[in-house]
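Trainee: I would like to go through this model step by step, and I would be glad if you explained each term as we meet it.

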Amino acid sequence: MDEESQKIVEFMKDIEVKMGQVEGIPFPESTCEIWDQIHNFQAREDDILIATYPKAGTTWVQEIMDLILLEGDVEKSMRAPSFVKVPFIEINPKPRKSGVDNANAMESPRFLKTHLPIQLLPPSFWDKNVRVVYVARNAKDCMVSYFYFHQMNKGLPDPGTWDEYFSKFLAGDVPWGSWFDHVIGWWKAKEKHQILYIFYEDLIEDPIREYRKLLKFLRKHLSDEVLEKIRHHTSFQAMKENPMTNYSVVPAVVLDQSISPFMRKGEVGDWKNHFLVAQNIVFDEEYKKRIEGSGLSFRTQL
Ligand code: PPS
């Protein structure tokens with residue numbers, strides 16, 4: 001084990017996961033502690049930001065975008081793990097460096113990640129008119145994926161039973177807050193800002209069609225052959241086997257992949273294996289109330 005991993009193992013021995021809040025949104029306490037630094041984060045004009053609700057397919061789209069920016073150079077895309085190539089601005093994973101510090105130390109052009117709801121995004125992203133790719137995934141699959149992630153990620157609180165987690169998720173009482181507010185907030189923001197809003201389900205259905213949206217937004221032109229190469233390299237199976245994308249380089253005391261792998265299923269509709277009939281009714285009623293009139297619509301099966 002290297003020195004860095006040993007430090008992490010020592011640190012995690014005494015860890016007790018505590019949550020705090022910023023403007024009513026739950027976050028790990030470590031994020032709340034450096035909130036001023038996060039809020040005052042200085043974006044740069046040539047940054048590109050990927051924004052998502054947790055478990056919406058961030059890592060997948062990060063890898064696709066990295067390969068588009070690298071014009072399909074797979075070898076270069078393997079230069080570092082996804083979470084090193086793309087600093088996660090509001091994370092403060094002690095004893096490692098914070099996302100803000102990692103981003104500040106990075107040369108331009110930077111590619112950054114956030115799960116922040118729209119109202120908490122550091123204002124300099126808007127001041128600098130940064131381009132944002134927002135990836136949305138249907139709430140039912142997000143909820144299932146997040147439930148497993150809570151169990152394996154030792155930096156997040158224990159989710160409790162599935163039934164308990166279902167209620168918490170629906171109430172927005174989970175880290176990074178309400179799925180509904182998140183997807184709607186970012187959807188509305190695209191009227192005013194440079195935001196490309198794409199869906200996980202669309203990417204599963206027809207990746208090349210979605211790559212073309214990304215290409216236009218990122219002002220890139222790539223041949224069909226290169227797009228096919230990207231599709232191959234970012235398939236669920238390829239990313240599950242790739243140590244740079246499957247988070248296997250993170251020590252098990254932080255992400256315990258024996259409980260649930262980071263690259264878990266990668267499907268649309270796994271919620272059907274978890275939602276009880278009664279939960280589905282409750283969820284659909286809430287969804288109708290919250291999403292109706294927003295102009296947004298999600299597919300929960302293909
Ligand atoms: S995180 O921790 O919030 O950044 O997680 P995130 O990367 O957003 O989401 C993880 C889920 O995305 C799935 N995934 C993929 N699906 C399809 N194809 C590819 N290549 C792919 N890569 C990651 C991953 O398996 C998680 O979803 P679940 O449903 O848990 O499998």
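Trainee: In which helix is the place of Asp202?

Mentor: Before answering, note that this is a predicted model, in which local features need pLDDT of at least 70, side-chain atom pairs count only at pLDDT 80 or more, and totals for chains, interfaces and linings use all residues. Residues are numbered from 1 along each chain as its sequence is written, and side-chain values use heavy atoms, with hydrogens and water left out. Helices (H or I, at least four residues) are DSSP runs numbered from the N terminus. Residues 200-205 form one of these helices, and the place of Asp202 is in that helix, α12.

Trainee: Is Asp202 buried or exposed?

Mentor: The term buried means under 20% relative accessible area, and exposed means over 50%, with partly exposed in between (1.4 Å probe, protein chains only). Asp202 has a relative accessible area of 15%, and therefore Asp202 is buried.

Trainee: Which residues does Trp162 touch, not counting residues up to four places away in sequence?

Mentor: Trp162 is found in helix α10, residues 162-171, and Trp162 is buried, with a relative accessible area of 15%. Contact here means heavy atoms within 4.5 Å. With residues up to four places away in sequence not counted, Trp162 touches Met143, Val144, Phe147, His274, Phe275 and Gln279.

Trainee: With which side chain does the side chain of Trp162 make a polar contact?

Mentor: A polar contact is a pair of N or O atoms within 3.5 Å; within protein, one must be able to donate a hydrogen and the other to accept it, and residues adjacent in sequence count only if both atoms are side-chain atoms. At 2.9 Å, the partner of the Trp162 side chain is the side chain of Gln279.

Trainee: Which helix gives the most to the shell around the ligand?

Mentor: The ligand is surrounded by 22 residues (each with a heavy atom within 4 Å of it), and the closest are Thr58, Thr59, Ser145, Lys265 and Gly266. Three helices, α4 (58-69), α9 (139-152) and α15 (236-241), each supply at least two residues of this shell. With 3 residues, the helix that gives the most is α4.

Trainee: How far is an oxygen atom of the ligand from a polar backbone atom of Gly266?

Mentor: The ligand has such pairs with several backbones, including one between a nitrogen atom of the ligand and a polar backbone atom of Thr234, at 2.9 Å. For an oxygen atom of the ligand and a polar backbone atom of Gly266, the distance is 2.8 Å.
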